[in-house]
Amino acid sequence: GFQHNTLWALAGTTFSEIETSVRKESNMTREFPASPTEKSATIGGALSFGARGLRSYKYGSVSDFVTELEYCDCNGNLHLCSASDSNFHDLLGSEGMLGIITGVRIRTSPIPKFLWGLMFFFPDSLCAAGFADAVKSIEHISVFELLDSKSFELLQEFRSQISSISRISELPSSSQAAIYLELESDCEETLEETAEDLLELAAEYHGDPDAVWNVVGDEVETFRSMRHAVSECVNLKVASLHAQDVLIRKLSCSCFFPNKTRQELVNYYQDSLAENHLSGVIFGHIGSGNPYVNILSHSAEEYHNARILIQKWGKDAFEAGGHAFSECGVGKLYRDIFQHIAPINLLNKRIKLKQKWDPSGLFNPKNMLV
Ligand SMILES: Cc1cc2nc3c(=O)[nH]c(=O)nc-3n(C[C@H](O)[C@H](O)[C@H](O)COP(=O)(O)OP(=O)(O)OC[C@H]3O[C@@H](n4cnc5c(N)ncnc54)[C@H](O)[C@@H]3O)c2cc1C
């Protein structure tokens with residue numbers, strides 16, 4: 001039920017259902033703005049790791065919207081807890097290893113009156129990331145995403161297989177990178193002023209002001225679909241590479257380095273990919289400083305080298321006081337890497353939590369910990 005602008009949702013509810021329900025129950029005055037771009041994902045799954053949606057730059061992660069949690073412990077007993085309870089924080093991001101989330105109460109937020117989507121194009125990702133560093137008027141920005149040239153190459157390659165992008169008459173050329181911003185406010189003049197500032201700034205980073213794509217209101221769905229399609233294209237690409245060699249799997253990370261600017265981060269990823277003769281796609285949450293990097297391996301040897309590189313990136317991130325796997329999760333695929341690079345206090349915390357919550361190892365055995 002919808003009460004006091006909050007919604008109770010069972011853990012298996014999809015984000016598509018949550019979004020529809022909140023809009024309907026609030027008579028189209030409120031929304032749930034924290035969904036990941038994959039709307040068929042469930043709220044229980046998203047809370048099990050640090051899922052962050054397209055609008056996370058303004059609204060934060062899915063878990064930031066949870067006020068109450070119901071869970072089933074390893075003895076089959078149901079409990080309810082809220083943010084003042086340590087169990088609540090133990091469960092969020094625990095990758096399903098401590099208990100089963102059965103239901104959640106989530107906050108909602110008012111639907112902004114005005115919503116604009118602006119896609120700025122740059123000659124390359126470094127210019128785009130430089131622009132991202134220079135953006136200061138952050139108050140009205142809700143979406144702040146990077147699409148590198150490889151993202152556009154993949155969109156072209158898989159265009160016919162993804163209906164949401166096959167409808168777009170002309171996709172951006174793969175010789176450029178883009179920053180996709182959404183601006184929202186209850187005052188249209190504010191958006192006009194912000195957009196003008198951004199256009200001037202983009203020109204300083206070799207962005208062509210005449211080439212900016214802009215949409216208003218519900219039309220942003222086209223750009224959101226395009227951004228989501230990059231994730232889908234990566235999955236399709238990895239599936240085709242996996243079909244050629246079963247040892248090849250998806251390899252992605254979204255490290256956060258507190259000591260790097262956005263441009264330094266993109267440069268760091270690009271340089272290390274080039275040094276290791278690997279190719280990757282860099283896209284996603286550049287505004288929050290943790291875009292996704294997916295390494296596309298074309299052979300088992302490349303996949304092996306790519307895993308070593310992911311390990312190095314994760315180690316560097318942890319050493320800098322940042323984090324390595326929060327959005328993608330550790331699971332089983334990165335378990336060995338996590339054991340090698342996680343700071344000892346983080347590893348000990350995870351082990352202690354597992355012993356406290358699930359001493360007989362019922363939930364997600366062999367996840368994260370050996
Ligand atoms: C094309 C694509 C684009 C995506 N884009 C984004 C994005 O922009 N941002 C982002 O953050 N993510 C993104 N994702 C990831 C998406 O958010 C996750 O797939 C989703 O959040 C996980 O939910 P799920 O229902 O698929 O969970 P599952 O894959 O079923 O489960 C994920 C983990 O959670 C555990 N789990 C599931 N339900 C529960 C429960 N009730 N209680 C305890 N543990 C549970 C499972 O055991 C498993 O370990 C994307 C995924 C795809 C396919």
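In strand E5, the residue that bridges to Tyr-71 is His-79. I open with this pair because five bridges join E4 to E5, and the two strands run antiparallel. I should say at once that the model before you is predicted. E4 and E5 make up a hairpin, with five residues between the two strands. Within that turn, Gly-76 has a positive phi of about 85 degrees.

Tyr-71 also leads us to another strand, for it stands opposite Ile-101 in E6. Strand E4, residues 66-72, is joined to E6 by six bridges, again in the antiparallel sense. E6 has a further antiparallel neighbour in E2, with five bridges between them. In that pairing, Trp-8 has Arg-105 of E6 as its bridge partner.

Let us now assemble these strands. They belong to an open sheet of five strands, in the order E1-E2-E6-E4-E5, with antiparallel pairing. Which strands stand at the edges of this sheet? They are strand E1, residues 2-3, and strand E5, residues 78-82; each has a single partner strand, so one side of each is left without a neighbour in the sheet. Helix H1, residues 15-25, packs on this sheet and touches E1, strand E2 (6-10) and E6. The direction of H1 makes about 145 degrees with that of E2.

I turn next to the ligand, where Ile-101 appears again. A polar backbone atom of Ile-101 is 2.9 Å from a nitrogen atom of the ligand. A polar side-chain atom of Thr-37 lies 3.1 Å from a ligand nitrogen atom. On the oxygen side, a polar side-chain atom of Asn-364 lies 2.9 Å from an oxygen atom of the ligand. On its own the ligand has 970 Å² of accessible area, and the protein covers 70% of it.

How many residues surround the ligand? There are 26, and the closest are Thr-42, Arg-52, Ile-101, Tyr-292 and Asn-364. By class, the shell divides into nine nonpolar, 11 polar and six charged residues. Which elements supply at least two residues each? They are helix H2 (43-47), strand E6 (100-107) and helix H9 (220-244). H9 gives the most to the shell, with five residues.

There remains the other sheet I wish to describe. It is an open sheet of seven strands, ordered E11-E8-E10-E9-E13-E14-E12, and its pairing is antiparallel. Strand E11 (213-216) and strand E12 (251-253) stand at the edges; each has a single partner strand, so one side of each is left without a neighbour in the sheet. From one strand to the next, the twist averages 15 degrees.

Within this sheet, strand E9 (residues 141-147) and strand E10 (residues 177-185) pair in the antiparallel sense over six bridges. Here Phe-144 has Leu-181, in E10, as its bridge partner.

Two helices lie across strands of this sheet. Helix H10, residues 262-275, lies across E9, E12, strand E13 (279-284) and strand E14 (292-296), and runs at about 165 degrees to E13. Helix H11, residues 300-319, lies across E12 and E14, and runs at about 15 degrees to E12.

To close, I return to Ile-101. This residue stands opposite Tyr-71 of the five-stranded sheet, and its backbone supplies a polar atom 2.9 Å from a ligand nitrogen.

Definitions and conventions: Residues numbered from 1 in each chain as written. Predicted model: local features only at pLDDT ≥ 70, side-chain atom pairs only at ≥ 80, totals over all residues. Heavy atoms only, no water. Near = heavy atom within 4 Å. Polar contact = N/O pair within 3.5 Å; in protein donor to acceptor, adjacent residues only side chain to side chain. Areas by Shrake-Rupley, 256 points an atom, 1.4 Å probe, with all protein chains shown as cover. Helix = DSSP H or I, 4+ residues; strand = E, 2+ residues; numbered from the N terminus. Nonpolar A, V, L, I, M, F, W, Y, C, P; charged D, E, K, R; others polar. Axes fitted to C-alpha atoms, helices over the stretch in contact; angles between N-to-C directions. Contact = heavy atoms within 4.5 Å.
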